[in-house]
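Trainee: Can you walk me through this structure? Start with the outside and work inwards.

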Amino acid sequence: MVGAVEIDEEPVVSDTFVVAARIPMGREAFEQWLETPAPGPEAIENHGAMYDRWFWDGKTPDWRQAEEGITPREYFADCFGEDIGGLTYVLRYRAGALEAYLMHFGFCESNIYTALVMLAAAGRLSSEVAPSAVLFWAETSGAMFAADSDGWLATLLVGVDGARFAADIDLTATIAQLRTAEASYFDLLVRLAEMEESVGADGESSFAAIARDPRYVDAAVLAES
């Protein structure tokens, strides 16, 4: 199993967890999404089935961890602040779509469940009828698995007709569409590592400046509402 081992018969995965999605939409819809309060878990038709038939099959999701009512702009702007420890995010509008590649060091349940309900809301603004797949997984490097891997933790279909977890889907196209965001994520890691090697007294502000680079985060995410 890629990125996972068995210890004392209990499944243990990497400390690096990622939520990623590419959802086609117009620029105005993207900015509308940034102002849309996060819905509750009921925005996902079968939210209790999050882990069904994947690596954590049988695990019960704790949707109490999701923040409800906060907008993506309010929520994600804090994630690009001075204290960015444990988070490495790509969140932008590119080539006609919302792109998210959100890495968490550790299972930051609030961040992950909140991101999922926010992306469920984004699906409602999609410019395409066919739903988009949101991927959730754990892997040390943060890289995506192969489409046929059984190491994924959850896959969420989001679209104009709603959102639901599903395990019986072909992820080939989704993974191909996310390669550019994945490459940007690794570019961000390289830049942060280079900064760490030469860090000085202004290290924290320098890390934040890199994380807030428009190559990784859309300026609208950081704008005051």
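Mentor: The chain exposes about 10,200 Å², and carbon and sulfur atoms supply 49% of it. Accessible areas here come from the Shrake-Rupley method with a 1.4 Å probe, and for residues only the protein chains shown count as cover. Before you go on, this is a predicted model, in which local features need pLDDT of at least 70 and side-chain atom pairs count only at pLDDT 80 or more, while totals for chains, interfaces and linings use all residues. Residues are numbered from 1 along each chain as its sequence is written, and side-chain values use heavy atoms, with hydrogens and water left out.

Trainee: How much of the chain counts as buried?

Mentor: Of its 225 residues, 53% do. Buried means under 20% relative accessible area, exposed means over 50%, and partly exposed is in between (1.4 Å probe, protein chains only).

Trainee: And how many helices and strands does the chain have?

Mentor: Seven helices and eight strands. Both are DSSP runs numbered from the N terminus: helices are H or I with at least four residues, strands are E with at least two.

Trainee: What share of the contacts join residues at least 24 apart?

Mentor: 75%, among contacts in the chain between residues at least 6 apart in sequence. Contact means heavy atoms within 4.5 Å.

Trainee: On to the inside. Which residues touch the most other members of the largest nonpolar core?

Mentor: Trp33 and Phe76, in a core of 51 residues. Helix α3, residues 109–123, gives the most to this core, with nine residues. A nonpolar core is a set of buried Ala, Val, Leu, Ile, Met, Phe, Trp, Tyr and Cys residues joined through side-chain atoms within 4.5 Å.

Trainee: What does Phe76 touch?

Mentor: Leaving out residues up to four places away in sequence, Phe76 touches Trp33, Tyr89, Leu91, Leu102, Met118 and Val221. Apart from that core lies another one, of 24 residues, with Ala20, Trp54, Val90 and Tyr101 among them.

Trainee: Any holes in there? How many cavities does the search find?

Mentor: Two of 30 Å³ or more, searching the whole structure. A cavity is a set of points, on a 1 Å grid over the protein atoms alone, where a 1.4 Å probe fits but cannot get out, and lining residues have an atom within 4 Å of a point. Grid points are joined across faces, edges and corners, and a volume is the space filled by probe spheres set on the points.

Trainee: Take the second largest cavity. What is its volume, and which residues line it?

Mentor: The volume is about 30 Å³. The lining consists of Trp33, Phe76, Leu91, Ala100, Leu102, Ala115, Met118 and Leu119. Two elements, β5 (97–105) and α3, give two or more residues to it, and α3 gives the most, with three.

Trainee: How do those lining residues divide by type?

Mentor: Eight are nonpolar, with no polar and no charged residues. Ala, Val, Leu, Ile, Met, Phe, Trp, Tyr, Cys and Pro count as nonpolar, Asp, Glu, Lys and Arg as charged, and the others, Gly among them, as polar.

Trainee: Staying with α3, is Tyr113 buried or exposed?

Mentor: Tyr113 is in helix α3 and is buried, at a relative accessible area of 0%. Not counting residues up to four places away in sequence, Tyr113 touches Met50, Tyr51, Pro61, Asp62, Trp63, Gln65, Ala66 and Phe107. Tyr113 and Gln65 are 48 residues apart in sequence and 6.5 Å apart in space, C-alpha to C-alpha.

Trainee: What about Phe165? Where does it lie?

Mentor: Phe165 lies in strand β8, residues 162–165, and is buried with a relative accessible area of 4%. Setting aside neighbours within four places in sequence, its contacts include His47, Met50, Trp63 and Leu116. The C-alpha atoms of Phe165 and His47 are separated by 7.0 Å, with their places 118 residues apart along the chain.

Trainee: Different topic: backbone angles. What is phi of Arg53?

Mentor: Near 70 degrees, a positive value in a residue other than glycine. Arg53 sits in the loop between α1 (27–34) and α2 (72–79), and counts as exposed at 56% relative accessibility.

Trainee: And phi of Ala95?

Mentor: Near 50 degrees, again positive in a residue other than glycine. Ala95 is in the loop between β4 (87–94) and β5, and is exposed, with a relative accessible area of 59%.

Definitions and conventions
1 Å grid on protein atoms, 1.4 Å probe; cavity = no way out; pocket = protein on both sides within 12 Å on 5 of 7 lines; lining within 4 Å.
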